[in-house]
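Q: Could you take me through one part of this model in detail? I would like a close look at the helix and at what surrounds it.

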Amino acid sequence: MQLEYFQMVDRISQLDPAARVVRADCTVPEQSPIFEGHFPGYPLLPGVLMIETMAQTGGWLVLATLRFSRMAFLAQVREAKL
């Protein structure tokens with residue numbers, strides 16, 4: 001993860017557009033400043049970063065499905081429970 005670039009996905013480990021399957025590897029270093037305050041003694045990745053990671057991962061699947069002809073963007077999250 002390169003948080004300063006908001007690049008959450010480290011690597012796409014599986015991408016199968018026909019089966020609509022994508023799998024990504026994402027690693028957050030324990031020393032990352034994103035854990036400060038989220039929560040002392042019990043570090044949790046903030047929900048907004050979880051959503052961004054899912055959006056980036058899903059974006060790869062959409063791109064592959066469209067044969068990399070158009071870029072996908074997450075426009076809205078209506079309901080989410082984390």
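A: Happy to. A good place to begin is the end of the helix: just after α1, R67 takes a positive phi of about 55°. Please keep in mind throughout that this is a predicted model.

Let us step back to the helix itself. α1 runs over residues 47–65. With 19 residues, α1 reaches 27 Å from its first C-alpha to its last, close to the 27 Å expected at 1.5 Å a residue. The protein chain has one helix and two strands, and along the sequence they follow the pattern β-β-α.

Now for the side of the helix that is covered. The buried residues of α1 are L49, T53, Q56, T57, G59, L61, L63 and A64. These buried residues pack against β1 and β2. For the chain as a whole, buried residues make up 18% of the 82 residues.

T57 makes a nice example from within α1. T57 counts as buried because its relative accessibility is 13%, which is under the 20% cut-off. Leaving aside neighbours within four places in sequence, T57 is in contact with V9, V22 and A24. Of these contacts, V22 is worth following, since V22 in β2 is also the bridge partner of L15.

That brings us to the strands. β1 covers residues 11–16 and β2 covers residues 21–25, and the two pair in the antiparallel sense over five bridges. Together β1 and β2 form a hairpin with four residues between them. In that turn, R20 has a positive phi of about 55°. As a reminder when you look at the hairpin, side chains in a regular strand alternate between the two faces of the sheet.

L15 also takes us back to the region around the helix end. L15, W60 and F68 form a nonpolar patch on the surface, with about 290 Å² of accessible area together. F68 in this patch lies in the segment after α1. For the whole protein chain, the exposed area is about 6500 Å², and carbon and sulfur atoms supply 55% of it.

What leads into the helix deserves a look too. Q31 lies in the loop between β2 and α1, and Q31 counts as exposed because its relative accessibility is 69%. The C-alpha atoms of Q31 and R11 are separated by 20 Å, with the two residues 20 apart along the chain.

L44 lies in the loop between β2 and α1 as well. At 33% relative accessibility, L44 counts as partly exposed. Not counting residues up to four places away in sequence, L44 touches F35, H38 and F39. The C-alpha atoms of L44 and F68, which are 24 residues apart along the chain, are separated by 33 Å.

Finally, here is the setting for the helix. The C-alpha trace of the protein chain spans about 45 × 30 × 20 Å along its principal axes. Among contacts between residues at least 6 apart in sequence, 46% join residues at least 24 apart. To return to your request, the picture around α1 is of buried residues packing against β1 and β2, with R67 taking its positive phi just after the helix.

Notes: Residues numbered from 1 in each chain as written. Predicted model: local features only at pLDDT ≥ 70, side-chain atom pairs only at ≥ 80, totals over all residues. Heavy atoms only, no water. Patch = residues over 30% accessible without salt bridge, like charges linked within 9 Å, V, L, I, M, F, W, Y side chains within 5 Å. Areas by Shrake-Rupley, 256 points an atom, 1.4 Å probe, with all protein chains shown as cover. Salt bridge = Lys/Arg side-chain N within 4 Å of Asp/Glu carboxyl O. Pairing = 2+ DSSP bridges. Expected span 1.5 Å × (residues − 1). Buried < 20%, exposed > 50% of the residue type's maximum accessible area, 1.4 Å probe, protein only. Contact = heavy atoms within 4.5 Å.
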